Each structure stands twice: as structure tokens, then as C-alpha cells.
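Colleague: I'd like to learn how to read a model like this one. Can we go through it together, starting with the charged side chains?

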Amino acid sequence: MSQPDARWMRHALDLALRGQHEDDEIPVGAVVVSAEGELLGEGWNRNITQSDPTAHAEVVAMRAAGAKVGNYRLLGATLYVTLEPCAMCAMAMVHARVSRVVYGATDPKTGAAGSVFDLLTDPRHNHRVEVQGGVLAEEASQRLTNYFRAKRGRPLI
């Protein structure tokens, strides 16, 4: 794990916590960073708050990044997200031409970056996204687990 990867993942974890506390959303945060290391966009899950099934943290962050650069293509960008992207988010990254995705916790139910599906590196697509998983995975996983345990009235771990 590189120092920049850890730094940006910490930022994504902070956003996830913000979304949990401010909006009572599932704590997933995402950050889009340019090839030069500039923050282009950030976000957290907004599905409940916006009544929008597409408002995953990754999509929120990519929308902000696209608005900042004035283009839907995010060439050279790295997307940091605290949970392995789902199929919808993975394909949005392919269409946005994101260069790299770095994620924290693996999603054994709907992960599309290598665990359940492998959409980001599929050679049939016209663009492939480099994948780095497991960055600060234990912390990201524990936050998600504790969020759901608290919702169910179970003790935190």
C-alpha cells in the first residue's frame, strides 16, 4: 500500500463516517483524484437522502469530478472507495475511463472488482480499470459491520 493510497483511503473513510452521521446512510465514501494528485470529486452514499438508487458514493464522487473538469471522461484519475464497487459503479468507471480504482473492504455479495464479478478488467470492454483492493480493508469492513450491527441492535465489534 502506497502512502498516497493510504492517505486518500483515509479521506474516503472520513467521508463514509460523515455520511453515516449526517445522513444515516450506509457508510461508504469515495474520492476521485487526478493523475497529478488533485482532488477532483468526493462523496458518500446518498441513496436514502436523495431517493436515488444510483447515488452510490462512487457515482456521487464521479459526478462531482466530471463537473469540476467539465468532462464525463476522467482520464488518468484514480477512484478511492471504502467498499468494493458494485456492477453499476464498476461500469460507470469504465464509461468514465477511470484509470485505477482502489478499494477497502471486499463485497462478497455484489462486488464487481474481482470478488463476485470482474467487470473492471474484462477484456471485452473498450476500457479496463486497474484494480487495487484491500487498502485499509479491516477498518473499512469493521465500520460497515458495526453500522449494520447497530441497526439490528447487536453489540459492536
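Modeller: Sure. A salt bridge here is a side-chain nitrogen of Lys or Arg within 4 Å of a carboxyl oxygen of Asp or Glu. Keep in mind that this is a predicted model. By that rule, Asp5, Arg100 and Glu130 are linked in a network of salt bridges, and the count comes to ten salt bridges.

Colleague: Let's take one inside a helix. What is the distance between the closest N and O atoms of Arg18 and Glu22?

Modeller: First the general idea: an α-helix has 3.6 residues a turn, so residues three or four places apart point the same way. Now the case: Arg18 and Glu22 sit four residues apart in helix H1 (residues 3-23), about one turn of the helix. Their closest N and O atoms are 2.8 Å apart, which makes a salt bridge. Arg18 counts as partly exposed because its relative accessibility is 38%, and Glu22 is partly exposed too, at 48%.

Colleague: And which residues in helix H5 make a salt bridge about one turn apart?

Modeller: Glu139 and Arg143, four residues apart in H5. Their side chains meet at 2.9 Å, N to O.

Colleague: What about a pair that isn't within one helix? Is Asp23 buried or exposed?

Modeller: Asp23 is buried, and so is its partner Arg46. Their closest N and O atoms are 2.4 Å apart. This pair links distant parts of the chain: Asp23 is in H1, while Arg46 is in the loop between E2 and helix H2 (47-50), 23 residues away.

Colleague: Now the reverse case. Which side chain of opposite charge is nearest to Glu84?

Modeller: Lys109, but it is 13 Å away, and buried Glu84 has no salt bridge. Glu84 is in the loop between strand E3 (78-83) and helix H4 (87-96). A polar atom of the Glu84 side chain does lie 2.9 Å from the backbone nitrogen of Ala113. Among the residues it touches are Tyr103, Thr106, Asp107 and Ser115.

Colleague: Where is Glu58?

Modeller: Glu58 is in helix H3. Glu58 is also buried without a salt bridge, and Arg63, the nearest side chain of opposite charge, is 11 Å away. Its contacts include Ala30, Leu79, Val81 and Met93.

Colleague: On to the sheet. What is the order of its strands?

Modeller: The general idea is that strands of a sheet pair through backbone hydrogen bonds, either parallel or antiparallel. Here five strands form an open sheet in the order E2-E1-E3-E4-E5, with mixed pairing. Strand E2 (39-44) and strand E5 (130-132) are the edges, each pairing on one side only.

Colleague: Which strands run parallel, and which antiparallel?

Modeller: E3 and strand E4 (residues 100-105) run parallel, joined by five bridges, and Leu83 has Ala105 as its bridge partner. E1 and E2 run antiparallel, also with five bridges; Ala30 stands opposite Gly43 there. E1 and E3 are antiparallel with four bridges, and Val31 faces Tyr80.

Colleague: How many residues of strand E1 are buried?

Modeller: Five of its five. Gly29, Val31 and Val33 point one way, Ala30 and Val32 the other, and all are buried.

Colleague: What packs around the sheet?

Modeller: Helix H5 (residues 137-151) lies across E3 and E4, at about 60° to E4. The buried residues of H4 pack against helix H3 (57-69), E3 and E4; Cys89 and Met93 are among the buried ones.

Notes
Residues are numbered from 1 along each chain as its sequence is written. This is a predicted model: local features need pLDDT of at least 70, side-chain atom pairs count only at pLDDT 80 or more; totals for chains, interfaces and linings use all residues. Side-chain values use heavy atoms; hydrogens and water are left out. Helices (H or I, at least four residues) and strands (E, at least two) are DSSP runs, numbered from the N terminus. Buried means under 20% relative accessible area, exposed over 50%, partly exposed in between (1.4 Å probe, protein chains only). Lys and Arg count as positive and Asp and Glu as negative; His and the chain ends are not counted. A polar contact is a pair of N or O atoms within 3.5 Å; within protein, one must be able to donate a hydrogen and the other to accept it, and residues adjacent in sequence count only if both atoms are side-chain atoms. Contact means heavy atoms within 4.5 Å. Two strands pair if DSSP finds at least two bridges between them. Axes are lines fitted to C-alpha atoms, for helices over the stretch in contact, and angles run from 0 to 180 degrees between N-to-C directions.
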